[in-house]
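Let's take a walk through a protein together. Have the sequence and the 3D view open, and look up each residue as it comes up.

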Amino acid sequence: MTLRRSPSSTCAEPWSNGAGFCQSSTALSESSSIHSDALYHLGRDMSGIGMKPMPYNLLEPNTFKEEPWGEESQHLLQVVDVTSSPPSSGEGLYFCDGRRKVDYVLVFHRRHHNSIRSLAGAAIPQDELSIVSNGNFPLTAGSNVVPGRGGGLQREEAASVGEVFMELGNARGNEPMEAAAQEMQLIRQEFEANLLEAGLEIERDREVKTHGPSFTRVHAPWPVLCREAEFLKIKVPTKTSYELKEEKGFGSSMSTVWRKLNQPFQPKVSQQDHGSTKFISHCFSRDKLHLYNITSKDTFFDNATRARIVYEILRRTVCVRTCQTIGISTLIAKGVYDTAFPLHDGDYKVVGQPEERNDRQVLHEEWARYSAFYKYQPIDLVRKYFGEKIGLYFAWLGVYTQLLILASIVGIIVFGYGVATMDTDIPSLEMCNDRLNFTMCPLCDGACDYWHLSNACGTARASHLFDNPATVFFAIFMSLWAVLFLEQWKRRQISLSFSWDLTGMDEDEEHPRPKYETILLQKRQKKQEKKKKKKKKGPEKQEDGTVTGKDRWRQKLLSAMAAGVPAHEDKLTWKDRLPGYFMNVSSILFMFGLTFSAVFGVIIYRITISALMAMSPDPETKSNVRVTVTSTAVIINLVVILILDEIYGSVALWLTELEIPKTDTTFEEHLILKAFLLKFMNAYAPIFYVAFFKGRFAGRPGNYVYVFNNFRMEECAPGGCLIELCIQLSIIMLGKQLIQNNIFEIGIPKLKKLIRALKEKKSTSKESDEERPPQQWNQDYALVPFEGLTPEYMEMIIQFGFVSLFVASFPLAPLFALLNNVIEIRLDAKKLVTELRRPVAARAKDIGIWYNILSGMGKLSVIINAFVISFTSDFVPRLVYQYMFSPTGTMHGFIDHTLSYFNVSNFRPGTAPHSTEYGNISVCRYKDYREPPWSPDAYQFSKQFWCVLSARLAFVILFQNLVMFLGLLVAWLIPDVPKTIVEQLKREKKLLVNLFLQEEKEKLQLIQSLFVKDATHHPDKEAPNQGQGLLIPGRYSTLPLGPTSGSGGGGPRARSRAASFSQFSGNTSSLPRKDHSNSRHTAV
């Protein structure tokens, strides 16, 4: 597409109404070299005029007429010179006039082609087809239209108007443009014409490049903002305010002290200081402009709200003639536009005075810096700049991080208790006592020798750090902490909904997704083809195709009957989605199998490496078998988890696309559920194996369970599996957070940015040096597109699982999560402010499906922690021994109680040690509750086993019921809605009712005074009875209609003139002052 503007068209030419807009027009030229009939008819459809030119009055300043909403009828397409730059005060955020804001930017990529427009002085061929953006083009006085195959403009007229030509082809020996590029241009033409018709204003650069991005700036004038704000029910503050109730007495003094202590941690943001006054908000209405404090039409709606309004127009604007699509999202999916985004508020680096900082600079200085980690988040400013959806995410993350401080302190205390009691723990001391001389059975067949239990002294002492009585208390505390966190977030969410005017917010109507529309269109086409095939016999027709005889009247009758019946709206049914559902189920089952296979592969690795290292002649290698195998296996697990995480994210997206969800909200919910299910299994499958399956099915000496007939199933360490669970959980949690934060969230985006910068540098080096400096839309286009909050939420939800599900095995998990989140908040903030394009300010009243996932994980954590304490740790066996089997009522003799006897003569052939350093061994010990070999029921489960199993199951039931009861108690004690919010809601409702009643009363007084004044000008008409009152039917009347009294009640009654409030707002000075001294109104 080649764009040209004549030198006579400049941005300095003002319109007749005072707005400094450029006079311009858009024309589409098509030469006779186009041989495609489809594109030829497409051009005819686009123009809407066939082949004849028509006047384009909307672009003529002399024919401009005032419409009811003033500027609403100014549908302008402005074209500016590439070398011209906006005023320096605008910083690239305004049109060329420096007054109209750029609310949205549409970008499409121009591909290089060989069609070159002739110079301005060259003659325009007579057979060109000129089409303007919405189908017409202007004719100046005295212009001569050359007859032929199409309408054309003479060269002089075209140069005087300053048209923008879009080249479709050229017959002067150059190759025509590709058909796809021509189609894209026609679609853009229709779409932008419809935007102009919707009231938006568009500015585009005069194109001088043959390739590269092209930017179309969109501005929403005041009338459009008012209209859309009323449609969207956007709440805005009114002039009415009230004083917030202040605390008195001891509570007031404590609040003052707390405020002073918190002062160093508060960000320096003016929006954070609400003061003691609150303004009542109400849904915007054009009939109630006098209620709002409108100091400036340019700043009444902030930039985020303006962008949201424009986006609502963009997503519902249709392209009917060129393609059956709705909205900018569909056009981007089809490749018509490359992208579309709102602009940031200038650069994030502070250049001038600190007092002149814009919102982006304030957020960067006070929020998106690692040095501000100790400060509270400016949540209100985040919401103002990025919208409620992003604001709620950071508010939720802030509440979660704050409550992690309490959990971290308790976890450190529990860990400190384990350190303090390590030297007094009797079972650990017994394991480390060489004099007890517990000779243990070999760890492997043949190559492994017998060993003493005292060799596992270090493992036993480390296990006590996490397996002690305080762990049970910490598990109960963390289960209650999860309930407290959810209740606290509900209170915080309701408080934010009240302060952000989200109470009573209705769900916005969503348009179908582009892929849904495409599949639906294909379904309609298939239906039409089937109908044509089935319709073999039709009504009798003549040779010219007209219907004759009775069939003509029958067809007319059926057509008339069908006209009154609304057409059935096509939609995709479960039959259309059945292949997608089948693929979803089978793929998810396959992914589960892949996860279990990865875990099983690591198990095989541990078994084989353990056997190989046990056969080593090096004694040092033999002594470090367990540490080496455990650490390397966990690292392999971590690498596999990270790789599968990326694969599962892409698979979940693909599977959700196969379901063909209708709206973006449905798509997001289905994607979240699939991604969470797959990543949950991927992250926790190795931990579940260590906690509940490892060592449970290993068998006993003489009857071990083998894998592949050669390798024994692995067993837990002598100190129990809890220490291995702790190692597994800590390495996976810390490694996942560090690698994801440093590599995936920092390294990869910076690498992509570097590659993009190198590509742009290579492409821009070929361009001419005479270019203006990059504007804000160029800088924002170079940023990374915003892809939603799902990855951020997912990362925090998985971390919440590490903190709550298996916290009984690792009390320091909340501390590491807290340290990670302090960095995570600033990292996410830095990405949003400096590295990502500005997202559309999406409204949301809660965090959506994530709350349900959190609630489910909180309930699951109670069950898992109960089983971890009961079956993985030695807490329950110690209690059973102390109170049932201990001779002294103490823990002395516990280790001997947990070890069973095995006669070495019962080894299977070839499994006994080939050589031993311990001399003649007849009996070895192993950890289990079984009968000794001299018992009649040798090697069967003993009485102690069944006692311990019963106690474990009883503990699970008791723990779950106790924690569930305490959780319900905490939820009942903490109300969801704060008391202050309830009082303020009632007060605001009462004030709004009084405000509207007062407004209604003033309107009625105004109308009555006008009728009284009208009666004084017409004394021949009888005045209404003053005692009865005047009942005026009208738009604002809430009184019942009835007959007015007068002489000759049956005679004709004077007709009341319907009056609206805005009709009399311009001449209020002529009204009687005594009746309307308190009237307040603004011209609408």
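The paragraphs below go from the inner spaces to paired charges, then to loops and the surface. Keep in mind that this is a predicted model.

Let's begin with empty space. Rolling a probe the size of a water molecule over the atoms shows where empty space is left. In this structure there are 13 cavities of 30 Å³ or more. The largest cavity has a volume of about 110 Å³. Which residues lie nearest its centre? They are Arg315, Ser329, His511, Pro512 and Asp664, and the whole lining of the largest cavity is made by twelve residues. Helix H6 (303-316) and helix H7 (328-334) each give at least two residues to that lining. Sorted by class, the lining has four nonpolar, four polar and four charged residues.

One of those lining residues, Arg315, is a good place to turn to charges. Side chains of opposite charge can pair when their charged atoms come close. Arg315 does this with Glu312: the two form a salt bridge, and their closest N and O atoms are 3.0 Å apart. Find both in helix H6, where they sit three residues apart, about one turn of the helix. Are they buried or exposed? Arg315 is buried, and Glu312 is buried too.

Other salt bridges join parts that are further along the sequence from each other. The side chains of Arg461 and Asp423 meet in a salt bridge, at 2.9 Å from N to O. Arg461 belongs to helix H12 (residues 457-466), while Asp423 is in the loop between helix H10 (388-420) and helix H11 (426-432), so this pair ties together parts that are 38 residues apart in sequence. Here Arg461 counts as partly exposed because its relative accessibility is 25%. Asp423, with a relative accessible area of 51%, is exposed. Salt bridges can also share partners, and in this way Arg606, Lys694, Glu714 and Glu724 are joined into one network.

How many salt bridges does a search of the whole structure find? The count is 34. Another pair to look up is Glu230 with Arg286, whose closest N and O atoms are 2.7 Å apart. Glu230 is in helix H4 and Arg286 is in the loop between E8 and H6, so their salt bridge ties together parts that are 56 residues apart in sequence. Glu230 counts as partly exposed because its relative accessibility is 25%. Arg286 counts as buried because its relative accessibility is 17%.

Now stay with helix H4 (222-232) and step into the loop between this helix and strand E7 (235-243), which is where you will find Lys233. What is the sign of phi in Lys233? The value is positive, near 60°, and Lys233 is not a glycine. To see why that deserves a look, remember that most residues other than glycine have a negative phi. Lys233 is partly exposed, because its relative accessibility is 48%. Tyr939 also has a positive phi, of about 65°, although Tyr939 is not a glycine. Look for Tyr939 in the loop between strand E19 (923-927) and helix H27 (943-973). With a relative accessibility of 9%, Tyr939 counts as buried.

Sequence and space can tell two stories, as the next two pairs show. Ser276 and Glu243 are 33 residues apart in sequence, yet their C-alpha atoms are 5.8 Å apart in space. Ser276 is in the loop between helix H5 (250-262) and strand E8 (277-283). At 31% relative accessibility, Ser276 is partly exposed. For the second pair, take Phe473 and Val414, with their positions 59 residues apart in the count and 8.7 Å from C-alpha to C-alpha. Phe473 is part of helix H13 (residues 469-499). Is Phe473 buried or exposed? It counts as exposed, because its relative accessibility is 53%.

Our last stop is the surface. Ile635, Val639, Ile643 and Ile647 form a nonpolar patch there, and together they have about 340 Å² of accessible area. To find the patch, go to helix H18 (residues 625-659), which holds Ile643.

Note on methods. Residues numbered from 1 in each chain as written. Predicted model: local features only at pLDDT ≥ 70, side-chain atom pairs only at ≥ 80, totals over all residues. Heavy atoms only, no water. 1 Å grid on protein atoms, 1.4 Å probe; cavity = no way out; pocket = protein on both sides within 12 Å on 5 of 7 lines; lining within 4 Å. Points joined across faces, edges and corners; volume = space filled by probe spheres on them. Helix = DSSP H or I, 4+ residues; strand = E, 2+ residues; numbered from the N terminus. Nonpolar A, V, L, I, M, F, W, Y, C, P; charged D, E, K, R; others polar. Patch = residues over 30% accessible without salt bridge, like charges linked within 9 Å, V, L, I, M, F, W, Y side chains within 5 Å. Areas by Shrake-Rupley, 256 points an atom, 1.4 Å probe, with all protein chains shown as cover. Salt bridge = Lys/Arg side-chain N within 4 Å of Asp/Glu carboxyl O. Buried < 20%, exposed > 50% of the residue type's maximum accessible area, 1.4 Å probe, protein only.
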